[in-house]
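Reader: I'm new to this one and would like to go through it slowly with you. Could you show it to me before we start?

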There are 2 protein chains.
Amino acid sequence: MSRTKRPINIRDVARAAGVSTMTVSRVINNPAVVAPLTRERVQQVIDELKYTPSSVARSLRSSRTYTIGLITVDFADHFFANLSVGAELEARRRGFRVMLSSTERNPNNEREFVTLLAEQRVDGILLARDAIQVPRDPLTDPLPVDVPIVSTGFFRPELALCSVDIDNVDGGRLATDHLLDHGHRRIAILTGPVDHKAAVDRLEGYQLALSRAGIKLDPHLIVHAHGRQPDDGYMAMNELIQREVNFSAVFVYSDALAIGAMRSLRRAGLRIPDDVSIVAYDNIDFAAFTDPPLTTVQQPIQELGALATRILIEYIETGERPVPITILRCFLVERGSVKSRPPE
Amino acid sequence: MSRTKRPINIRDVARAAGVSTMTVSRVINNPAVVAPLTRERVQQVIDELKYTPSSVARSLRSSRTYTIGLITVDFADHFFANLSVGAELEARRRGFRVMLSSTERNPNNEREFVTLLAEQRVDGILLARDAIQVPRDPLTDPLPVDVPIVSTGFFRPELALCSVDIDNVDGGRLATDHLLDHGHRRIAILTGPVDHKAAVDRLEGYQLALSRAGIKLDPHLIVHAHGRQPDDGYMAMNELIQREVNFSAVFVYSDALAIGAMRSLRRAGLRIPDDVSIVAYDNIDFAAFTDPPLTTVQQPIQELGALATRILIEYIETGERPVPITILRCFLVERGSVKSRPPE
DNA sequence: TTGTAGGCGTTATCAA
DNA sequence: TTGATAACGCCTACAA
């Protein structure tokens, strides 16, 4: 069983090439200073023996692993999957590897993972947090380790964690303005659960847009869904309809909720967008294929992952704590769920 | 800037506790063998100093990293995202870490990543391959490294890579049998692009089921989509309809294609499931919310990731090459897109 | 029960 | 231009 044999090391190469290990090391890391003839001979031996330098030994020597730890809530989730892709791409581009950990949506696992990653001596940690409010931040207590951390999701000034995030207030504003621009005045909002930070933020953006437009807020037009599934959107829309308040448009917290909400509207005999216009949020793959296709706010998720990673790596390289918070803007993807409301 | 200071090492602890490094090491790895009093004192110092043993040094010493490399095509993709989740969970449960790499759907990157991971001295590699046929397997040439690899996707006997996969032939059989059980006899198939192994396999399953049921194959009932997007399904279904062959049911390669196919059917004035029954494949989140909700074949993707990881880790631990190929079965998720066809 | 010595594979430093 | 030496942090083997 060939696996038991020890991998080729730098000494094997040195011996076979008749040079010292230092020369081999130089051929790998700084070939210019090695005499061309020597260099060539050594390189040939390296190829023949299929020598790959051990990152482990290098890391021990240099106390750098060129690895970042990525702690994520659940990377099968559309948001975190895309964030991870962005992070991995950016890390690779900069010569870093990514080590994965999923908290399985339990924030209390964060501490454990930070410790684990510290043990791995990762150069830094990217903490891709959920936007769900937690009674007590598991990282509030002084951390067991002193490693650069950049987080996504919550901004916690008391942690002095640097955070990169998406501007959900502006996203809510954007969606609402789009409906206002189409002449709507009675605009409802079907937002997410109250413990979702993003739900609160998007609601704030909605309120902001309305108040700027000089429209008085009607609390009857505000519903919170109880979860993130289409069914929750269905039920929330049912509730809105039961209130028998007049509205010609809705801003819905997410595409997933919108799918349920649309079903509820149809069941109530309301046509989309003729009777009710909808702007949703996320632009999941499916949003282009609902009936009608959803106009929706898209978040630059991959960019978020990439930017957070870039900031983290700069933090690692320079040792300078980055600006505490950086915000990324959403943009609108227009499709068929919004219709102009002719002035009456 | 506190980051520059060197992390606490075992010698710092030993000194502070007035013992040798070996005693500290034993407190960590084999506490039973240390005198209770000593143990307690050392443990206290460990806690005070927040000492975390360096995995890097351990790995150098033991030539084990307890890390597996995961090479994936694109882990924002539903399939690979779930596979990765399964892999990470299983790895963690067994005390392994996961290092991520994405080939961005370019199989030629595989070699590079294998080398990179070998440099990291990962204990093994999980190769989550795409099921797209490639003119030449980039790993066919002898690998530069001798590390346990388990793959998913293609089985390559010539590589002597062990492979874990999902039984797509049986999945196609399952879908078709379901339609047969509902009395359908004229069953079309809208399968994937010809270079997708899974598309070929599912077609084979379809043929198998029909032939077992004593139904003669009608090539006019077979269409290949040109891509994986809903639009490709739309166009493929248009083609099928244009052929003006009679059919009362379709087995569609994926939920994504089915979404487009349903649109095409509706446009042609065909009702689902009254005029045409559909069984699709994948059970993506959205499948429950189409109109009607899709009956679909679900693949045990997370289990696939977990099983492949388990096999890989066993390979690592025992050094024994696992059985070359292991197959996992799909199951049917019944919803509203299939209706019995009354015997005429 | 505890300690000493040595080496895992690499590279910075200094010397030749 | 090349080489000898030492050290990174840990743990196996052996000794006390």
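Reader: How do helix 9 and helix 10 of chain B cross?

Author: In this predicted model, the axes of helix 9 (residues 230-242) and helix 10 (residues 255-267) of chain B come within 6 Å and cross at roughly 45°. Axes here are lines fitted to C-alpha atoms, for helices over the stretch in contact, with angles from 0 to 180 degrees between N-to-C directions, and helices are DSSP runs (H or I, at least four residues) numbered from the N terminus.

Reader: Which residues make the contact?

Author: Contact means heavy atoms within 4.5 Å, and among the residues making it are Tyr234(B), Met237(B) and Ile241(B) of helix 9 and Leu257(B), Ile259(B) and Arg263(B) of helix 10.

Reader: Switching to the DNA, which residues come nearest to strand C?

Author: Of the 25 residues around DNA strand C, those are Ile10(A), Tyr51(A), Arg61(A), Thr23(B) and Thr38(B), where near means a heavy atom within 4 Å.

Reader: What does the side chain of Arg61(A) approach there?

Author: An N or O atom in the Arg61(A) side chain is 2.5 Å from a base oxygen of DNA strand C, whereas for Ser25(A) a side-chain N or O atom is 2.9 Å from a phosphate oxygen of that strand.

Reader: Which helix gives the most to that surface?

Author: Helix 2 of chain A does, with four residues.

Reader: And how should I read the numbering and the values?

Author: Residues are numbered from 1 along each chain as its sequence is written, and chains are lettered from A and ligands numbered from 1 in the order in which they are written. Local features need pLDDT of at least 70 and side-chain atom pairs count only at pLDDT 80 or more, while totals for chains, interfaces and linings use all residues, and side-chain values use heavy atoms, with hydrogens and water left out.

Terms used:
Helices (H or I, at least four residues) and strands (E, at least two) are DSSP runs, numbered from the N terminus. A polar contact is a pair of N or O atoms within 3.5 Å; within protein, one must be able to donate a hydrogen and the other to accept it, and residues adjacent in sequence count only if both atoms are side-chain atoms.
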